[in-house]
Amino acid sequence: YPPVEGLSGNMAVDAEQLRMTAVRALCGPIRLTGQDLLITQWATDPHVDVKIRGAAPLAGLVETVRRLDDFPLLRDLAAEFEQPTGDAEMVAHVMGRPLSGQPLALVDADLRLVRGGGRSAFLPAPVRQVEAHVTVTPTLVAIEHLDGRLGPAAFEAEGAVTMVDGRAYSNVTLTMSLEASEAQSWWAGQADEEFIPEMDGTIRLRAAVTGVIGHSRIKGRVDLGQAGLRLNNWFTKPPQAPAAIDFEGQLSREHRLVIRHVGIGLPPVTITGSGTIDLNGDRAFSVHVSSGRIAVGRLPKGIVLGPVRAGTFAASLDMNGRMNDRASWRTAGQITFDEGALKVEQLDEPIKDAFVTLRFDQDRIDIPRMAFRLGASDFRITGAIAQWADQPRARLVVESSQIDLAALALSGARPSRAARHRPSDPFWADATLNAFVFADHVYYKKFLLTD
């Protein structure tokens, strides 16, 4: 322990006990106070059993705790905490019989943190505005109350961390909430901007963190029922439409997230996945996604998949690469879309009877089947898209019994207000297309075109 300096106080002594009042002292960075400290049998075999109050900047307390060999659990947790800010108050319970071979020792402590902050290897973002009440023994850290902000989110936590056979085990319940717009701003610096949705409303999370510290298991749910999401022109979810993400995974101190299970629920539809993501460096990932058969008509009211109005989807994909480097993405698996109907804003006629099969082979998409009708025209397309994730190059063969060129003309209608406010989508901006068209008959309205 740090040496005690600047000790002052009032002392009353009799044959059996020594009583100290109005005690003041410094123990390293900690300012100690004591109103009524009693030592019995002080002349023959002093019995010390006292509670001393203290206050210190959190930075000083953390530095002191890192040297407490008698509290290995608290010491190890403090060792992972960096750049601490704020103030701490404590009540330390000290016991001992120095003349009987039992030196003074800290038995337990009651800690309160005010306006705290800092960083930890266990957390993906800094914490701030932390208010906490924690009780500590050599083998237990009990979180009576803890609240603050983690990145853009407000959080609360309670539970305990226990030392068993030299290993620290957590059993903590965590709740979080954040304004969706703040999440959007925070994610803007974490991933490719094209894949960050516009967001509004509130996102809520509840999770349990259990297991060995440094390899903790995380299981919980993200409730998106009060959030609105818009991902370019691919996906729109209004507030109030039910949606949630159930997850179970493990986060290591190296910030490697192992996702054992994730379920994206749009009742009654669920899309499942698993995989790993390195949250540091180039954010390497490897994931599996499976949807089963999804009927568009069964999605919750208000959820829109771009121009799709009807049909059935099915997908099973395995994908890996580095998040911020689309050229590194490699994918295997298949997506099918059957009996589909689409309404493209710039086309007067809807697309009907759409059937599509896409087979992913690393950085290539094979199209063994694509068929649809547009007005009186019919189309059957085969081919492939190379380097689909970055600067795609498509080579297609288009066959038709008849094509009405008037149906392909883009209308002069202005896009919807929502479309005008969406950010530009450069994902396919550098794409090139080579197509070979074979048609039995080509019309323009009622006029047949011949060679």
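**A walk through a strand-rich model**

Hello everyone, let's start with one pair of residues: V262 stands opposite G273 in β18. Before we go on, please keep in mind that this is a predicted model.

So, where does that pair sit? Strand β17 covers residues 256–266, and strand β18 covers residues 269–278. The two pair in the antiparallel sense, over nine bridges. Together they form a hairpin, with two residues between the strands.

β17 has another neighbour as well. Strand β16, residues 244–252, runs antiparallel to β17, and eight bridges join them. If you want a residue to click on here, take D246, which stands opposite G263 in β17. A general reminder while we look at strands: in a regular strand, side chains alternate between the two faces of the sheet.

Now let's zoom out. How many helices and strands are there in the protein? There are five helices and 27 strands. As for overall form, the radius of gyration is 32 Å, well over the 22 Å that the globule rule gives for 451 residues, so the protein is more spread out than a compact globule. You can see this in the box as well: along the principal axes, the C-alpha atoms fill roughly 120 × 40 × 35 Å.

What about the inside and the outside? Of the 451 residues, 38% count as buried. The accessible surface comes to about 24,700 Å², and 55% of that belongs to carbon and sulfur atoms. And if we take contacts between residues at least 6 apart in sequence, 48% of them join residues at least 24 apart.

Next, the charged side chains. The structure holds 15 salt bridges, and I'll show you a few of them.

One of them is between D378 and R380, at 3.1 Å from N to O. Is D378 buried or exposed? D378 counts as buried, because its relative accessibility is 16% and the cut-off for buried is under 20%. Its partner R380 counts as partly exposed, at 39%. While we are on salt bridges, E63, R66 and R67 are joined into one network by bridges that share partners.

Another example is D366 with R364, whose side chains meet at 2.7 Å, N to O. Here D366 is partly exposed, with a relative accessible area of 24%, and R364 is partly exposed too, at 37%.

My last example is R112 with D110, where the closest N and O atoms are 3.9 Å apart. R112 has a relative accessible area of 41%, which makes it partly exposed, and D110 counts as partly exposed at 24%.

Let me finish on the surface, with a group of nonpolar residues. Which residues form the nonpolar patch? They are L405, L408, Y444, F447 and L449, and together they have about 480 Å² of accessible area. Two elements, α4 (405–408) and β27 (447–449), each supply at least two residues of the patch. Have a look at F447, which has its place in strand β27. F447 counts as exposed because its relative accessibility is 60%, and exposed means over 50%.

So, from the hairpin of β17 and β18 to the nonpolar patch with F447, that's the tour. Thanks for listening, and please do turn the model around for yourselves!

How values were computed
Residues numbered from 1 in each chain as written. Predicted model: local features only at pLDDT ≥ 70, side-chain atom pairs only at ≥ 80, totals over all residues. Heavy atoms only, no water. Patch = residues over 30% accessible without salt bridge, like charges linked within 9 Å, V, L, I, M, F, W, Y side chains within 5 Å. Areas by Shrake-Rupley, 256 points an atom, 1.4 Å probe, with all protein chains shown as cover. Salt bridge = Lys/Arg side-chain N within 4 Å of Asp/Glu carboxyl O. Helix = DSSP H or I, 4+ residues; strand = E, 2+ residues; numbered from the N terminus. Buried < 20%, exposed > 50% of the residue type's maximum accessible area, 1.4 Å probe, protein only. Rg over C-alpha atoms; globule rule 2.2 N^0.38 Å. Contact = heavy atoms within 4.5 Å. Pairing = 2+ DSSP bridges.
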